[in-house]
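Good morning, colleagues. Please look at the structure on the screen while I take you through its overall form and then through a few individual residues.

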Amino acid sequence: MTDDQMVLRAVHDMWESLDPVPVDLADRVLFTLQLEDLEFELMRLQEALAPMGARGAETASTVTFSAESLTVMVTVSDSGPHHRRIDGWIAPGGALRVELRTPRGVHETHADADGRFAFAEVPSGLVQIMIHPTNGATVPLHRPVVTPPVQL
């Protein structure tokens, strides 16, 4: 091994111990690349609040995503040993089509006029929410808006 290779190996080992690559990084990238409609606006994670109700049997976490065109707040709570419930609010509110992507398939619902939506039993694992432009909705979207994949 040359001196350069030994230095590169030492740098590699240092970063592996200080900041290792997340175990699920490849899965998240592949999950995102599976989007059929690549013309979308990607939301940013704004805020993730710690689990609530830590003393009780139920737990919930709230996550907020934002994009230029809208904001989505999502609360995730337990819905069984391997399932979660997702309650979401879109702001500004509007009756938009909401899609929940999972590795096992796509679930779809419509938000009400105030922007509320829910998915009752979502299997644990990677999920991604996609909000579509919808005819008649008061919120004018020009293209779908997508959250980054998150692990439930």
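Let me begin with the contacts along the chain. If we take contacts between residues at least 6 apart in sequence, 49% of them join residues at least 24 apart. Please bear in mind throughout that this is a predicted model.

Now to the fold itself. The chain holds two helices and eleven strands. In sequence order, the pattern reads α-α-β-β-β-β-β-β-β-β-β-β-β, with both helices ahead of the strands.

What are the dimensions of the C-alpha trace along its principal axes? They are about 65 × 45 × 25 Å. The radius of gyration of the chain is 19 Å, whereas a compact globule of 152 residues would have one near 15 Å.

Turning to the surface, 35% of the 152 residues count as buried. The chain exposes about 9,600 Å², and 56% of that area is supplied by carbon and sulfur atoms. As for charge, there are 11 positive and 21 negative side chains. The centres of these two sets are 5 Å apart.

I shall now move to individual residues, starting in the first helix. H12 is placed in helix α1, which covers residues 3-18. Is H12 buried, partly exposed or exposed? Its relative accessible area is 38%, so H12 is partly exposed. The side chain of H12 forms a polar contact of 3.1 Å with the side chain of R9. We may also set H12 against a residue 112 positions away in sequence, namely S124: the two C-alpha atoms are 33 Å apart in space.

From the helix we pass to the strands. T75 belongs to strand β4, residues 71-78. T75 counts as buried because its relative accessibility is 15%, and the cut-off for buried is under 20%. Which side chain does the side chain of T75 meet in a polar contact? The partner is T62, at 3.3 Å.

Next comes the stretch around strands β5 and β6. Strand β5 covers 83-91 and strand β6 covers 97-102, and P92 lies in the loop between them. The peptide bond joining A91 and P92 is cis, with omega at about 0°.

Within strand β6 we find T102. T102 has a relative accessible area of 8% and is therefore buried. Which residues does T102 touch, if we do not count those up to four places away in sequence? They are F31, H107, V122, L126 and V127.

The last residue on my list is T109, in strand β7, residues 105-110. T109 has a relative accessible area of 21%, so this residue is partly exposed. Setting aside neighbours within four places in sequence, T109 is in contact with L96, R97, V98, F117, A118 and F119. By contrast, I may mention S66, 43 residues from T109 along the chain: 20 Å separates the C-alpha atoms of the pair.

To recapitulate, we have a chain of two helices and eleven strands, with a radius of gyration of 19 Å. Among the residues discussed, T102 is buried at 8%, and H12 is partly exposed at 38%. Thank you for your attention.

Technical notes. Residues are numbered from 1 along each chain as its sequence is written. This is a predicted model: local features need pLDDT of at least 70, side-chain atom pairs count only at pLDDT 80 or more; totals for chains, interfaces and linings use all residues. Side-chain values use heavy atoms; hydrogens and water are left out. Helices (H or I, at least four residues) and strands (E, at least two) are DSSP runs, numbered from the N terminus. The radius of gyration is taken over C-alpha atoms; the globule rule is 2.2 Å times the number of residues to the power 0.38. Buried means under 20% relative accessible area, exposed over 50%, partly exposed in between (1.4 Å probe, protein chains only). Contact means heavy atoms within 4.5 Å. Accessible areas come from the Shrake-Rupley method with a 1.4 Å probe; for residues, only the protein chains shown count as cover. Lys and Arg count as positive and Asp and Glu as negative; His and the chain ends are not counted. The place of a charge is taken as NZ of Lys, CZ of Arg, CG of Asp or CD of Glu. A polar contact is a pair of N or O atoms within 3.5 Å; within protein, one must be able to donate a hydrogen and the other to accept it, and residues adjacent in sequence count only if both atoms are side-chain atoms.
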